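Let's take a walk through this one together, with the side chains switched on. Keep an eye on the charged residues as we go.

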Amino acid sequence: MIMDDKDDVRERARHAAEEAAHSATADKAKGRIKEAVGKVKEKVGGAIGDHELEAKGTAQRIDGKKDRLKGEIKDKIEDVKEHIEAGIEVVKEKIDEARGKK
């Protein structure tokens, strides 16, 4: 693989990582909104005795929590990926140093 190919692969990987980070942020924001709206529906439904509204609120709050957690998981995966990539670079540098000393 020539250097241009490696640079292209790295650029595509960076772009994918940026998209994943944006997706994680969007998932977390969407989840927080759903959680808040669901919680309001739960409270209103409970206060007025509308069990159907209360149940819909619970379902929406849980769905929002799922979205928020999905975003948090994507963030954690991206953090792990960055740490692995940094570790790989350190290993490559050490190999290059060792080859230079021989």
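What follows is a short tour of a predicted model, going from a greasy patch to the charge pairs.

Start with helix 1, which covers residues 3-48. I48 belongs to that helix, and together with V40 and V44 it makes a nonpolar patch on the surface of about 280 Å². Is I48 buried or exposed? Its relative accessibility is 60%, and since anything over 50% is called exposed, I48 counts as exposed.

Now for the charges. How many salt bridges does a search of the whole structure find? The number is eleven, and we'll look at a few of them in helix 2, which takes in residues 51-101.

The pair to begin with is E52 and K56, whose closest N and O atoms sit 3.3 Å apart in a salt bridge. Both residues are in helix 2, with a spacing of four residues, or about one turn of the helix. E52 is an exposed residue, because its relative accessible area is 53% and the cut-off for that label is over 50%.

Further along, D63 pairs up with K66, and here the closest N and O atoms are 3.3 Å apart. These two are three residues apart in helix 2, so about one helical turn separates D63 from K66. Neither label here is at an extreme: partly exposed is the class between under 20% and over 50%. D63 has 30% relative accessibility and therefore counts as partly exposed, and K66, at 48%, counts as partly exposed as well.

Don't leave D63 and K66 just yet, though. Which residues are linked with them in a network of salt bridges? K34 and D67 are, so if you click on those four you'll have the network of K34, D63, K66 and D67 on screen.

Last stop: R68 and E72. They form a salt bridge with the closest N and O atoms 3.0 Å apart. Being four residues apart in helix 2, R68 and E72 are separated by about one helical turn. Buried, partly exposed or exposed: which word fits R68? At 17% relative accessibility R68 counts as buried, because the cut-off for buried is under 20%. E72, with a relative accessible area of 29%, is partly exposed. That makes this salt bridge one between a buried arginine and a partly exposed glutamate.

Methods:
Residues are numbered from 1 along each chain as its sequence is written. This is a predicted model: local features need pLDDT of at least 70, side-chain atom pairs count only at pLDDT 80 or more; totals for chains, interfaces and linings use all residues. Side-chain values use heavy atoms; hydrogens and water are left out. Patches are made of residues with over 30% relative accessible area and no salt bridge: like charges are joined within 9 Å, nonpolar side chains (Val, Leu, Ile, Met, Phe, Trp, Tyr) within 5 Å. Accessible areas come from the Shrake-Rupley method with a 1.4 Å probe; for residues, only the protein chains shown count as cover. A salt bridge is a side-chain nitrogen of Lys or Arg within 4 Å of a carboxyl oxygen of Asp or Glu. Buried means under 20% relative accessible area, exposed over 50%, partly exposed in between (1.4 Å probe, protein chains only).
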